[in-house]
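The following exercises concern a ligand site and the pocket around it. Please work through each task before reading its solution.

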Amino acid sequence: LVKGKREVKQLTNISIVFIFFLPQPTVKLFIDGKFIESKSDKWIDIHNPATNEVIGRVPESTKAEMDAAVSSCKRTFPAWADTSILSRQQVLLRYQQLIKENLKEIARLITLEQGKTLADAEGDVFRGLQVVEHACSVTSLMLGETMPSITKDMDLYSYRLPLGVCAGIAPFNFPAMIPLWMFPMAMVCGNTFLMKPSERVPGATMLLAKLFQDSGAPDGTLNIIHGQHEAVNFICDHPDIKAISFVGSNQAGEYIFERGSRHGKRVQANMGAKNHGVVMPDANKENTLNQLVGAAFGAAGQRCMALSTAILLVERQSCLFLPLPLFVLDSLSFRFIFRDQPGADLGPLITPQAKERVCNLIDSGTKEGASILLDGRSIKVKGYENGNFVGPTIISNVKPNMTCYKEEIFGPVLVVLETDTLDEAIKIVNDNPYGNGTAIFTTNGATARKYSHLVDVGQVGVNVPIPVPLPMFSFTGSRASFRGDTNFYGKQGIQFYTQLKTITSQWKEEDASLSSPAVV
Ligand code: NAD
């Protein structure tokens, strides 16, 4: 029997057909180093977004289970914080190797639960792995500062110390990368960690936790709970949790930032986006089109750094741009096949509700006067007719007051605006509340410099459509895309997960043992 399939048994002696449902596989909690079954009576179904079949169930952890998880983090903190930094570094060094060895299995779980193509899923793991690799440099990253001889016989120095128990709340769209932005960075600094993965895609996090344990992380230093609002409220309110890392929507992020801050915690919240690509008439056309197509439609547009808005500078020859995406997309659509088949370009959206929302936003474009150049709403994928697929869609003649421009669509939809000048394009971008990412496509360095300089967005690409910084830098979304004051990973990540202790010490020279007697 295939797990999760309906089994029908006929009990002939009483001539009644009973339908039994085999229990779905359940996602375990990870508490005190053990994967344990929740005692919860509230469970959430996990669906395969390509078929909408239920493939498992995740618990809403009970209060007692969540308390046990925090207690475990709290109890193990002193010993872990006292573990030498070289030993913690060794755990991370083993961890990066185990992630590499298991990359395909983690990617397989991501594709099953999240729906992205296998190639995208491997990229998801790979980008998280880069953060783990960078965390291995903790011995440099956590260095303090010194100032000798600030006055006679007196020195000043500061240490970076861990905070205690930290917690992470993750979204569905990068099931491996985003948890890997959180617990490895926090834990290499000496913190213990409570992770709450997205209830829609917990599988990758559970395997990552097992690999972390196999790398030598002591039992109880990493704990995992599951759930939705109650688990989030628990994290925001618990007095033993010192810091919260959140990535997800604005609705949840603003709430968690306010509630967590009110309870005295550090909170960093990476949130939604509306990223603009400004296409100058002098841009390299082929390169720009390829970049736009990949960045707008890749991962079905379910990326916070998706380049979901193009601003075309309409003067001179730039009108050549519009027919060309159609041509590119025409060829792309032939490869619009199920997510884990070789060569697949697109997967489904995460839920039927997400699909409905995206389709409604496309509808709103037509109602408000925009034109649909390419319409992916009615696409059907052979063999996966029940999946949440939406094909690549282009909406043109879009104005900044339209709903499809104002809302984050989070689907494979490119909205296209037109302007006459670079200054107008900059104004549009800066008037938009979000500040996650943007890109300019041009062959003119002065134009690129002016744009990068004047645009009020945290991450800028010059002929690079998705300018996510490598982990030696930090992920620096701004304005409505971020709340907090220190960003994820890189130096900022280390700052977020540590506090400074500054020591001023005086050791009088005349007190030194075995000194020569003072010469008089
Ligand atoms: P989401 O906000 O629905 O869920 C994120 C987490 O918050 C989940 O763990 C969920 O259980 C919890 N949650 C959801 N609603 C909540 C509520 N009302 N109150 C308390 N907790 C709640 O986000 P999602 O749909 O999983 O992810 C997509 C969003 O995340 C998009 O807006 C995307 O732009 C954003 N995102 C941002 C970044 C970034 O770095 N800026 C990266 C990835 C995703």
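On a 1 Å grid over the protein atoms alone, a pocket is an open set of points where a 1.4 Å probe fits, with protein on both sides within 12 Å along at least five of seven lines; lining residues have an atom within 4 Å of a point. The model is predicted, so local features need pLDDT of at least 70 and side-chain atom pairs pLDDT 80 or more, while totals for chains, interfaces and linings use all residues. Residues are numbered from 1 along each chain as its sequence is written, and side-chain values use heavy atoms, without hydrogens and water.

**Exercise 1.** Determine which residues lie nearest the centre of the largest pocket.

*Solution.* Step 1: the lining comprises 38 residues. Step 2: nearest the centre are Phe172, Arg200, Gly248, Ser249 and Ala252. Step 3: the volume of this pocket is about 1,100 Å³ (the space filled by probe spheres set on the grid points).

**Exercise 2.** Identify the polar contacts of the ligand with Phe172, Ser249 and Met271 (pairs of N or O atoms within 3.5 Å).

*Solution.* Step 1: a polar side-chain atom of Ser249 is 2.5 Å from a ligand oxygen. Step 2: a polar backbone atom of Phe172 lies 2.9 Å from an oxygen atom of the ligand. Step 3: a ligand nitrogen is 2.8 Å from a polar backbone atom of Met271. Step 4: the protein buries 90% of the 840 Å² that the ligand exposes when taken alone (Shrake-Rupley method, 1.4 Å probe).

**Exercise 3.** State where the ligand sits.

*Solution.* The ligand occupies the largest pocket (more than half of its atoms lie within 2 Å of the grid points).

Note on methods
A polar contact is a pair of N or O atoms within 3.5 Å; within protein, one must be able to donate a hydrogen and the other to accept it, and residues adjacent in sequence count only if both atoms are side-chain atoms.
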